[in-house]
Amino acid sequence: MPETINVLFLAAEADPFIKVGGLGDVSGALPRAIRALTPEITGETKLDLRLVLPMHSAVRADPLRPLAVFPLKRGDSEVQVEVFESVLDGMPVYFISGDPIRNSGSVYSLKAELDAEKYLFFSLAAVELPRQIGWDVDVLHANDWHTALAAYVNLTRRWEEGTRRVASMLTLHNLPFMGPDISELLKLYGIPLAQTDLPEWARVLPLPLGLWAADVITPVSPGYGEEILGEEFGCGLYDFLATRRSSLHGILNGIDMASYNPTDDAALESPFSRLTLADRAPNKSALQTRLGLPINADVPLLAMVTRMDVQKGVDIAIKALASFKKRDFQLVILGTGDPVLEESARALQASHPDHIRIETRFDAQLARQIYAGADLFLMPSRYEPCGLSQMIAMRYGCVPLVRATGGLRDTVTPDAGFLFEKATPLAFSNALRKALKRFPDREAWTNMQLAGMAKDFSWVNSAKQYFELYQSLVLENRPNPVS
Ligand code: GLC
């Protein structure tokens, strides 16, 4: 019997409307990839997945039409929710506005407390939206702390008001970011604080409350899904998460294989493929020229394209590279973020001006030229729920050198890259030394490039797994047939 599963996908950001980081890439690509699944995969089941985003002031959407206005209770008065509708490749996209969203300028403020009401308001409004527009949603799919409260409110409202059962899924992109204490705001919006089996400190935080309530938790790689059950990566929640083990399903993110395609990328000097790998060489000399580095094919060109963040281990790389005795490499780091890290990166360039370049800005075109021209891509992350750039690097024949953690361990196999265990400058240096020794062996190096380029990181693999989980959630929801 054909049937339709209705899914509302909630996120703080989604490309192409608004993008700050990896969450925006994923929330831009995954919903469309799920909708694009063919009947060979979905069988009889139809899927109507729609996206809902906050109407941040920087959001760009065209066309945009008003769809609904409804109130939410707030203390003794009300606050209005205004909903707008757009469409992206046939997918309805809803934007939620209202004072708490309008009052906050940026997508994320540096102080999570300032984001608290904005995202609580957004989550509450998104849960209410389907009812307001007469659309029977089956699954609420939330992402990270910003929208985690949707899962929580969905559950408590069902308990309180006996509303129709709607399943919830929470995708975990970054466990350490749990959001601020929300207890006062919950009270203000008339949401009860439930008795939970969370550790006491976590009972008032959005992400843990969402994890507690969600029917399924999907970390963005199987490796990270395992790691968060242990002390090192579990952020104090590992015991609790262990009780949810059967609801945890790690699903690896994909990359946009059409956009990131070295055979057809307008940013490149010279397109290339696995079959024409020699055509990659002009990209390296063009990159060296652009960066003002000596043009030399035999010098290994190392690269990082990264948020300047301690999570990404930028400090580990800087420390290690500063003490590197061998001077026979070049390095480019492209990224912005933590001013302290930016400064120490610039200091590294100042002490090695002839072979190190630091570009502290956002530059999508240069990023692509780096993937296509550099030899070795460095990613010494302290933790990495998935990581997207190592996948792009491999697709462009840039060999990754990564810390063996989370999604990095899941995507970088030893035939295609270099892995090291400990997040220390010493472990990083040892791995780098190994890579620099391997580099002159052209055959061995080419084989690594080819192994990386042969990997399939297309979204369809992930989309299929999310779809299957939606299906199982809806089946669980169905009342037992009367015998
Ligand atoms: C977060 C994680 C990163 C992941 C991205 C998308 O930014 O830190 O590892 O790739 O989300 O899921």
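Helices and strands here are runs assigned by DSSP, a helix having at least four residues and a strand at least two, and they are numbered from the N terminus. With that in hand, you can find Pro-16: look in the loop between β1 (3-10) and α1 (22-35). Keep in mind as you go that this is a predicted model.

Why start at Pro-16? The peptide bond leading into this proline from Asp-15 is cis, with omega near 5°. There's another one to spot further along the chain. Asp-62 and Pro-63 are also joined by a cis peptide bond, where omega is about 5°. For Pro-63, search the loop between β2 (45-54) and β3 (65-74).

While you're looking at backbone angles, try Asp-144. Its phi is near 60°, which is a positive value in a residue other than glycine. You'll find Asp-144 in helix α5, which covers residues 144-161. Is Asp-144 buried or exposed? Asp-144 has a relative accessibility of 7%, so it counts as buried, because the cut-off for that label is under 20%. Cys-235 has a positive phi too, near 50°, and is likewise not a glycine. This cysteine sits in the loop between α8 (222-227) and α9 (238-243). With a relative accessible area of 29%, Cys-235 is partly exposed.

Now zoom out. The domain assignment splits the protein into domain 1 (4-254 + 460-477) and domain 2 (277-457). Notice that domain 1 is written as two stretches, 4-254 and 460-477. Measuring between C-alpha centres would be one way to place the two domains, and in this model those centres lie 34 Å apart. Where the domains meet, 18 residues of domain 1 are in contact with 15 residues of domain 2.

For a look at how distant parts of the chain come together, go to Asn-461. This residue lies in helix α18 (residues 459-477), and at 37% relative accessibility Asn-461 counts as partly exposed. Its C-alpha atom is separated by 9.7 Å from that of Ile-34, although the two residues are 427 apart along the chain.

Next, move into domain 2 (277-457) and find helix α11, residues 314-322. Which residues of α11 are buried? They are Val-314, Ile-316, Ala-317, Ile-318, Ala-320 and Leu-321. The elements covering them include the strands β9 (301-305), β10 (330-334) and β12 (376-379), along with the helices α12 (339-351) and α16 (425-438).

Helix α16 is worth a visit of its own, as it is where Phe-428 is found. Phe-428 has a relative accessible area of 0%, so this residue is buried. What does Phe-428 touch, once its neighbours within four places in sequence are left aside? Its contacts include Ile-316, Ala-317, Ala-320 and Leu-321, four names you've just met among the buried residues of α11. Phe-428 is also in contact with Leu-378, Pro-380, Leu-401 and Phe-420. Take Leu-378 as an example: Phe-428 is 50 residues from it in sequence, yet their C-alpha atoms are 9.4 Å apart in space.

Last stop: the ligand. There are 13 residues around it, and the ones that come nearest are His-173, Asn-253, Glu-384, Cys-386 and Gly-387. By class, this shell has five nonpolar, six polar and two charged residues. Where do they come from? Both domain 1 and domain 2 supply at least three residues each.

Look at the oxygen atoms of the ligand for some specific pairings. One is 2.6 Å from an N or O atom in the side chain of His-173. A polar side-chain atom of Gln-311 lies 3.0 Å from a ligand oxygen, and for Pro-385 a polar backbone atom is 3.4 Å from a ligand oxygen. Taken alone, the ligand exposes 310 Å², and the protein buries 93% of that.

Finish with Glu-384, one of those nearest residues. Glu-384 lies in the loop between β12 and α14 (389-395), and with 3% relative accessibility it counts as buried. Which side chains does the side chain of Glu-384 meet in polar contacts? One contact, of 3.0 Å, is with Lys-312, and another, of 2.6 Å, is with Ser-381. Beyond its neighbours within four places in sequence, Glu-384 is in contact with residues including Gln-311, Met-379 and Thr-405.

Notes:
Residues are numbered from 1 along each chain as its sequence is written. This is a predicted model: local features need pLDDT of at least 70, side-chain atom pairs count only at pLDDT 80 or more; totals for chains, interfaces and linings use all residues. Side-chain values use heavy atoms; hydrogens and water are left out. A residue is near a molecule or strand if one of its heavy atoms lies within 4 Å of it. A polar contact is a pair of N or O atoms within 3.5 Å; within protein, one must be able to donate a hydrogen and the other to accept it, and residues adjacent in sequence count only if both atoms are side-chain atoms. Accessible areas come from the Shrake-Rupley method with a 1.4 Å probe; for residues, only the protein chains shown count as cover. Ala, Val, Leu, Ile, Met, Phe, Trp, Tyr, Cys and Pro count as nonpolar, Asp, Glu, Lys and Arg as charged, and the others, Gly among them, as polar. Domain bounds come from an automatic or database domain assignment. Buried means under 20% relative accessible area, exposed over 50%, partly exposed in between (1.4 Å probe, protein chains only). Contact means heavy atoms within 4.5 Å.
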